[in-house]
Number of protein chains: 2
Amino acid sequence: MNWRILIVDDEPSLTALLRRQFTDCGYTAFVANNSSEALKLLKEQPDLILLDINMPGKDGLAFCREIRESVSCPILFLTARVMEQDKLAGFRDGGDDYITKPFSLAELTARVEAHLRREQRNKVSSARLTSHGLTADLSARELSFEGKPIAFTRKEFDIIELLWTNSSQVFDRERIYESVWGLEANGNNSVVKEHIRKIRAKLLEVTSWDFIETIWGIGYKWKK
Amino acid sequence: MNWRILIVDDEPSLTALLRRQFTDCGYTAFVANNSSEALKLLKEQPDLILLDINMPGKDGLAFCREIRESVSCPILFLTARVMEQDKLAGFRDGGDDYITKPFSLAELTARVEAHLRREQRNKVSSARLTSHGLTADLSARELSFEGKPIAFTRKEFDIIELLWTNSSQVFDRERIYESVWGLEANGNNSVVKEHIRKIRAKLLEVTSWDFIETIWGIGYKWKK
DNA sequence: AGGGGGATTCCCATGAATTGGAGAATATTG
DNA sequence: CAATATTCTCCAATTCATGGGAATCCCCCT
């Protein structure tokens, strides 16, 4: 991913170092020496901003407050101010991180990457499972086959979730009972049996494929 | 917003302090003393995790690697390891922040809030939602259908906001109660039930469409 | 290859759990 | 103080979970 980073600092040797570093990482770096230059460079739509606080003209905190509403990318303060109240001010004014000079270049890079990784992650949708055309959204408790939703009851869904998220693992009926019901199994296996049957019936009707494999004498597992 | 925070540390005095602090902030705090307890508490769907590294049993880094795929909330390491290579390892294994002990409680809180603020911001790109002709202006706390405003009470609106901004995610009644009321649910779910009913009645009358889906035995979710 | 025994699947009636709804009591707001 | 919002209680309707027994299947042994 080719990220765009805006570096705002009035110290040329530092901005040169940072530009070099992030260019090496494969990012595109923009450098501003003060707030008004930075304001112009916002049109480049950076994915992340590294912002000094002490600068001639408008300082970093004021700049951050000003743009925070309209700019949603992470803003990382990079400053020599180490006092706790300064840090708190940085976060209060909308900063996402606060790194004190002198800093380790490796740590700075790691922090930048962590923020970008999170941005990336938040753009894509929630976790899904897919196999043989069957899709599960666990937090929505939905299963669908080629777009068609299939309705499952609570226990049925719990069992599917257990087997699917641990596919390639064989569960005996006691194990399933204990996981899904949260109780100790007292040799009462017919319940699990019946639910497995219903799951199979529903899936088979729609998908014409048996997702559950019976391991004879042992239990069941989700076919990959 | 009533955030849910999972605190994972084997030092009881620290977890007590943190729980106290975040409870005072109005959050719901869950405490785990080790990785296996933490794993179980993931079902509470925390919005943020504070994770120690040195713990008996599986350490924090391993735990983070293990859950990172399936858990999307920010994970903040909170540890006595101050070496740069430890910090880098923390970020490499999927951490979103790395805070070294001893830490300032104020700074920790500020960092936690910064991460949550960002999550919130990323959740809904705008404060305006629309589906099936229904429009919500969250900051104005107004809903309208084809221009006609619909009046909702405070709690009703809170519930709609919770479900809508996390649409397609299923919430059980306890979870709704905890999020909207900010209190622990003591088995008294009928309040939530009643509010859901009122919301449905108001929406149905105007829009002739049921926006809330009942997941039998689990809870409710907002239909997409 | 065929038969035996046990494990598994299938069918279905029953009872338990969950939800939706009415109405009244209590709290909160203006 | 009136109006509105919130909470509580109870009941009917619905859906789901359960367990037993018959039918079937699978594996092993001869």
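How do the residues of the surface near DNA strand C divide into nonpolar, polar and charged? In this predicted model, the split is four nonpolar, five polar and seven charged. DNA strand C is surrounded by 16 residues, and the closest of them are Lys193(A), Arg197(A), Thr214(A), Gly217(A) and Thr214(B). Looking at which elements are involved, H8 of chain A and helix H8 (190–207) of chain B each put at least two residues into the surface near DNA strand C.

DNA strand D gets similar treatment here. It has 19 residues around it, with Thr153(A), Lys155(A), Thr153(B), Lys155(B) and Ser190(B) coming nearest. Two or more residues of that surface are given by each of H6 and H8 of chain A, and likewise by helix H6 (154–165) and H8 of chain B. Sorted by class, the surface near DNA strand D holds four nonpolar, seven polar and eight charged residues.

Now for the way those helices sit in chain A. Helix H6 (residues 154–165) and helix H8 (residues 190–207) of chain A pack with their axes 10 Å apart, at an angle of about 85°. H6(A) and H8(A) are therefore roughly perpendicular to each other. On the H6(A) side the contact is made by Lys155(A), Glu156(A), Ile159(A) and Ile160(A), and these meet His195(A), Lys198(A) and Ile199(A) of H8(A). The residues of this helix contact come out as three nonpolar, one polar and three charged. Lys155(A) thus turns up twice, once in the contact with H8(A) and once among the residues that come nearest to DNA strand D.

Zooming out, the domain assignment of chain A gives domain 1 (4–123) and domain 2 (129–222). The centres of these two domains, taken over C-alpha atoms, are separated by 48 Å.

Next comes the contact between the protein chains. Here 24 residues of chain A are in contact with 26 residues of chain B. Helix H4 (84–92) and helix H5 (105–123) of chain A each supply at least two residues of the side of chain A that touches chain B. The largest share of that side, nine residues, comes from H5(A). By class, the side of chain A that touches chain B has seven nonpolar, six polar and 11 charged residues.

As for the sheets, chain B has an open one of five strands in the order S2-S1-S3-S4-S5, with parallel pairing. Strand S2 (28–32) and strand S5 (97–100) of chain B are its edge strands, each pairing on one side only. On average, and ignoring direction, neighbouring strands of this sheet are turned by 20° against each other. Strand S1 (residues 4–8) of chain B pairs with S2(B) in the parallel sense over five bridges, and Leu6(B) has Phe30(B) in S2(B) as its bridge partner. Two helices lie across these strands. Helix H1 (residues 12–24) of chain B lies across S1, S2 and strand S3 (48–51) of chain B, running at about 165° to S2(B). Helix H5 (residues 105–123) of chain B, for its part, lies across S3, strand S4 (75–79) and S5 of chain B, and runs at about 175° to S5(B).

Chain B also has an open sheet of four strands, ordered S6-S7-S8-S9, in which the pairing is antiparallel. Its edge strands are strand S6 (128–131) and strand S9 (148–150) of chain B, each of which pairs on one side only. The average turn between neighbouring strands of this sheet, direction ignored, is 25°. H8(B) packs on the sheet, touching S7, S8 and S9 of chain B, and its direction makes about 165° with that of S9(B).

Strand S7 (residues 134–137) and strand S8 (residues 142–145) of chain B pair in the antiparallel sense over four bridges. Within this pairing, Phe145(B) in S8(B) is the bridge partner of Leu134(B), while Asp137(B) stands opposite Glu142(B). S7(B) and S8(B) form a hairpin with four residues between them, and Arg141(B) in the turn has a positive phi of about 55°. S8(B) goes on to pair with S9(B) in the antiparallel sense over three bridges, with Ser144(B) standing opposite Pro149(B). The hairpin of S8(B) and S9(B) has two residues between the strands, and Glu146(B) takes a positive phi near 50° there.

Technical notes
Residues numbered from 1 in each chain as written. Chains lettered and ligands numbered in written order. Predicted model: local features only at pLDDT ≥ 70, side-chain atom pairs only at ≥ 80, totals over all residues. Contact = placed C-beta atoms within 7 Å. Nonpolar A, V, L, I, M, F, W, Y, C, P; charged D, E, K, R; others polar. Axes fitted to C-alpha atoms, helices over the stretch in contact; angles between N-to-C directions. Parallel < 35°, antiparallel > 145°, perpendicular 65-115°, else oblique. Near = placed C-beta within 6 Å. Pairing = 2+ DSSP bridges. Domains from an automatic or database assignment.
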